[in-house]
Amino acid sequence: MNAFTELGLNAKLVRNVSAKGYDRPSTIQAKAIPLVLSGCDLMAAAQTGTGKTAAFTLPALQVVKSLGRPGPKDVTCLILTPTRELSAQIADGLRAYGAGTKVYSQMVCGGVNIRPQIRNLARGTDILVATPGRLLDLLGQGAVRFDHVKMWVLDEADRMLDMGFIPAMRSIHAALPKQRQTLMFSATFSREVEKLA
Ligand code: AMP
């Protein structure tokens with residue numbers, strides 16, 4: 001399998017990955033990272049534990065960095081996940097892999113006060129990690145804009161379906177620009193997931 005340096009990631013990201021103690025990319029990382037960096041859309045089957053979080057957060061950090069700072073309330077990369085736990089895990093990954101890159105990422109989930117989230121979104125977000133319900137709420141309140149989203153990541157799409165997030169996802173999808181890069185990860189690819197894709 002390739003070394004991280006051969007996947008097209010910049011030196012800082014490779015250093016951050018080495019600092020985590022990863023010697024080599026996992027299969028999903030070796031396959032997905034070059035494709036995401038080249039701007040492709042992606043549909044990938046990957047279970048938790050395969051290293052899929054780094055497979056999309058590493059190239060997302062690099063792509064977003066090259067696009068410049070977002071305007072007020074704007075989001076450059078939107079990562080949608082079904083649960084708070086998964087969001088927190090991705091946010092942790094972004095912090096570790098993105099150390100020293102000055103890429104501004106944050107997470108918005110339900111069950112906590114919405115006011116600080118509204119405040120933090122006001123200055124614009126490079127990478128936003130969110131669960132669908134709270135994100136729609138924030139969108140409805142005008143706290144966030146999707147007009148300049150360049151990359152949309154759907155993580156654990158099959159669980160999104162199981163948890164009844166389809167209507168929320170449709171509303172979010174409708175608010176996104178047509179021109180964007182889309183990455184979809186799912187542990188299973190049922191007919192429903194394929195229909196969603
Ligand atoms: P994930 O599938 O994204 O939930 O990752 C599962 C675990 O594998 C996490 O604890 C990561 O820190 C770890 N991990 C991710 N990529 C690698 C890698 N290339 N080498 C070793 N461990 C990794």
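**Note on salt bridges, polar contacts and backbone geometry**

1. The central feature of this note is a network of salt bridges that links K52, D155, E156 and R159. The model is a predicted one, and the remarks that follow should be read with that in mind. The structure as a whole holds six salt bridges, and those described here are taken up one at a time, together with the elements that carry them.

2. Within the network, D155 pairs with K52, and the closest N and O atoms of the two residues are 3.1 Å apart. D155 lies in the loop between β5 (151-154) and α7 (157-162), while K52 belongs to helix α3 (residues 52-66), so that this salt bridge ties together parts that are 103 residues apart in sequence. Are the two partners, D155 and K52, buried or exposed? Both D155 and K52 are buried, and for K52 the relative accessible area is 4%, a value that falls in the buried class because that class is defined as under 20%.

3. The other pair to be named in the network is E156 with R159, for which the closest N and O atoms are 2.5 Å apart. The two residues differ in their exposure class, since E156 is buried with a relative accessible area of 8%, whereas R159 is partly exposed with a relative accessible area of 34%. A reader inspecting this pair may wish to view the side chains of E156 and R159 together with those of K52 and D155, as the four are linked in the network.

4. The backbone at E156 also deserves a remark, for this residue has a positive phi of about 50° although it is not a glycine. E156 is found in the loop between β5 and α7, and at 8% relative accessibility it counts as buried. The positive phi thus belongs to a residue that also takes part in a salt bridge, its partner being R159.

5. A salt bridge is also formed by the side chains of D74 and R145, with a distance of 2.9 Å from N to O. Which parts of the chain does this pair tie together? D74 lies in the loop between α3 and β2 (75-80), and R145 in the loop between α6 (132-140) and β5, so the pair ties together parts that are 71 residues apart in sequence. D74 is buried, with a relative accessible area of 5%, while R145 is partly exposed, with a relative accessible area of 33%.

6. Sequence separation and spatial distance can be set side by side for two further pairs of residues. K52, whose place is in helix α3, is 71 residues from R123 in sequence, and the two are 29 Å apart in space, C-alpha to C-alpha. S38 and P59 are 21 residues apart in sequence, and their C-alpha atoms are 9.5 Å apart in space.

7. S38 itself lies in the loop between α2 (27-37) and β1 (42-45), and at 52% relative accessibility it counts as exposed, the cut-off for that class being over 50%. A polar atom of the S38 side chain lies 2.9 Å from the backbone oxygen of L35.

8. A contact to a backbone oxygen is also found at Q181, which lies in strand β6 (residues 181-186). A polar atom of the Q181 side chain lies 3.0 Å from the backbone oxygen of V36, and Q181 is buried, with a relative accessible area of 7%.

9. Q117, in helix α5 (residues 115-121), offers a contact between two side chains, for a polar contact of 3.0 Å joins Q117 and R134. Q117 counts as buried, its relative accessibility being 8%.

10. On the surface, K12, R15, K65 and K102 form a positive patch. One of these residues, K102, is found in the loop between α4 (84-97) and β3 (105-108), and K102 is exposed, with a relative accessible area of 73%. What is the phi of K102 near? Phi of K102 is near 65°, which is a positive value in a residue other than glycine. A positive phi is therefore reported here for K102, which is exposed, and for E156, which is buried.

Notes:
Residues numbered from 1 in each chain as written. Predicted model: local features only at pLDDT ≥ 70, side-chain atom pairs only at ≥ 80, totals over all residues. Heavy atoms only, no water. Patch = residues over 30% accessible without salt bridge, like charges linked within 9 Å, V, L, I, M, F, W, Y side chains within 5 Å. Areas by Shrake-Rupley, 256 points an atom, 1.4 Å probe, with all protein chains shown as cover. Lys, Arg positive; Asp, Glu negative; His and termini not counted. Charge placed at Lys NZ, Arg CZ, Asp CG, Glu CD. Helix = DSSP H or I, 4+ residues; strand = E, 2+ residues; numbered from the N terminus. Buried < 20%, exposed > 50% of the residue type's maximum accessible area, 1.4 Å probe, protein only. Polar contact = N/O pair within 3.5 Å; in protein donor to acceptor, adjacent residues only side chain to side chain.
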